[in-house]
Amino acid sequence: MIINFEFKNYRSYKEECFFTMQRASNLKSMKDSIETNYKDVLSMVAAVYGANASGKSNFLRGLNTVSEMVQGKKMISYTHQQFKLSEKTYKKDTEYRVTFVANDGQKYIYEYHYGSRGVSFEELNVYVTQKPSLLFRRKQKRDSSDFVFGERFTSDSVKNMIIEETEISPRTLLLAVLRGWNEKVTQPAYEYLADGIHFVEAFAYRREYQQMRRRIKDDTEFMYYINKVLPAIDLGVSDVSISKPNDSFIDRVTKILNRNGDPIERSELIDEATSVEFRHYGDSEIHSSIRESDESNGTKAALVFFGLFYDALKDGFTCLIDEMESSLHPILVAKLIEIFNDKRTNPNGAQLIFTTHDISLIENYAEGEVLDRDQIWFAEKNKKGESELYPLTSVQDMPREGSNIGMKYIHGRYGATPDISLLDVLLELNRDKKN
């Protein structure tokens, strides 16, 4: 679980940015929370509001960048992530610092700095008591690296390999190297950062759909879950099924391809020709099957997201979703927030962190607020192109419980709204045409 995420000099964020999932102590009533062994009381949900191009997406990308770099993905492409609108920051490193609880129940702090020369600093601490204990620290010089290991780093053979190793690239994180050497003391931290954070851009769900359809075909437990969920979210879909080609079709196509010099494995052809069918409620007891290619984009998007939520709730990982409402109805988003906020449906501490423009989530409802006040964050960009991230609980005029936060936000009480002068510009253009 994410506790804190701090970063600096990343994309539109020039100055240090601090984000936390820790609950605000000054709120009397809070939705279900998770209390860690280290007395950190954590929220399971956070929503980030702001104008277009305010830095909402960059915040999520920053946390996802940490995950992908720990995995070793596209290291060179991450070199130039600095804030580019200032000469003072363009050549400096981007700094990342994540405080989290891994699957072993321990609290960790992982920090690294990365720039044009690669990794200049990297450090991992673990909380076995209320104070952090160093596992390793790395400082990169121009031609060499200095490594320091704490007392809890017990593998002398790995220490010696690292100290004597001259081939550790400055563009490779030591945490990833230790994973390759099966170092047990750092394994929980690696597993959470590499596998426990999942980022999805709502408008780009099509990239994820092919993986989802393969999973429906191969994972019977997952297919059972999907067939329970789909009727419950009012898409008009009763269930999904697998349509496999018959043997005569496979034999005929295989012969044609082999005759034309395009040999293909029979199993590969069967997999390619196997499709997902969606059964819909009709005006009779007979349900009508609709081919995958004819199914709505909304249904396919729902499949992708509920696949993500299925894994998150089962394994307790952190979901990062950019503009979630662009593919899911606001009422459905509100229900998902309720599921993540409820310990009965989220016993493993899965977290949902998302960006949105959906004001309905912060309006006051008779049945209660969808989001607690400390689950609401704002991203705002100033005239210099610098983004700032801040929680609702930090504003001077923080609303009382039960207030219509959405209405106040629309009227600019909390900032992070666009300053639109479009009407004035169009009127001026019309005057220019007449003159």
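**Exercise 1: charges.** How many positive and how many negative side chains does the protein have, and how far apart do the centres of the two sets lie?

*Solution.* A word before we start: the model you are looking at is predicted. Begin with the two counts, which are 58 positive and 66 negative side chains. Then take the centre of each set; the two centres lie 4 Å apart.

**Exercise 2: the overall picture.** Describe the protein by its secondary structure, extent, surface and contacts.

*Solution.* Step one is the inventory: 13 helices and 18 strands. Step two is the extent, and here the C-alpha trace spans about 65 × 65 × 60 Å along its principal axes. Step three turns to the surface. The accessible area of the protein comes to about 22600 Å², with 47% of that belonging to carbon and sulfur atoms. On the inside, 51% of the 435 residues count as buried. Step four looks at contacts between residues with a separation of 6 or more: 64% of these join residues 24 or more positions apart.

**Exercise 3: a helix pair.** Are helices α10 and α11 roughly parallel or roughly antiparallel to each other?

*Solution.* First locate the pair: α10 covers residues 297-315 and α11 covers residues 330-341. Next, take the geometry, which gives an angle of about 10° and axes 12 Å apart. Angles under 35 degrees count as roughly parallel, so α10 and α11 are roughly parallel to each other. Finally, see which side chains and residues come together: F306, F309, A312 and L313 on the α10 side meet L332, L336, I339 and F340 on the α11 side.

**Exercise 4: S57.** Is S57 buried or exposed, and which residues beyond its sequence neighbours does S57 contact?

*Solution.* Find S57 in helix α1, which runs over residues 56-71. Its relative accessible area is 18%. The cut-off for buried is under 20%, so S57 is buried. Now set aside neighbours within four places in sequence; S57 is then in contact with D322 and T355. As a last step, try a distance: E201 is 144 residues from S57 in sequence, yet their C-alpha atoms are 9.0 Å apart in space.

**Exercise 5: K159.** Where does K159 lie, and which residues does K159 touch?

*Solution.* Start with the element: K159 belongs to helix α3, residues 156-164. Then check burial, using the same kind of step as for S57. K159 has a relative accessible area of 18% and is therefore buried. To finish, leave out residues up to four places away in sequence, and K159 touches F149, G150 and F153.

Key
Residues numbered from 1 in each chain as written. Predicted model: local features only at pLDDT ≥ 70, side-chain atom pairs only at ≥ 80, totals over all residues. Heavy atoms only, no water. Helix = DSSP H or I, 4+ residues; strand = E, 2+ residues; numbered from the N terminus. Buried < 20%, exposed > 50% of the residue type's maximum accessible area, 1.4 Å probe, protein only. Contact = heavy atoms within 4.5 Å. Areas by Shrake-Rupley, 256 points an atom, 1.4 Å probe, with all protein chains shown as cover. Lys, Arg positive; Asp, Glu negative; His and termini not counted. Charge placed at Lys NZ, Arg CZ, Asp CG, Glu CD. Axes fitted to C-alpha atoms, helices over the stretch in contact; angles between N-to-C directions. Parallel < 35°, antiparallel > 145°, perpendicular 65-115°, else oblique.
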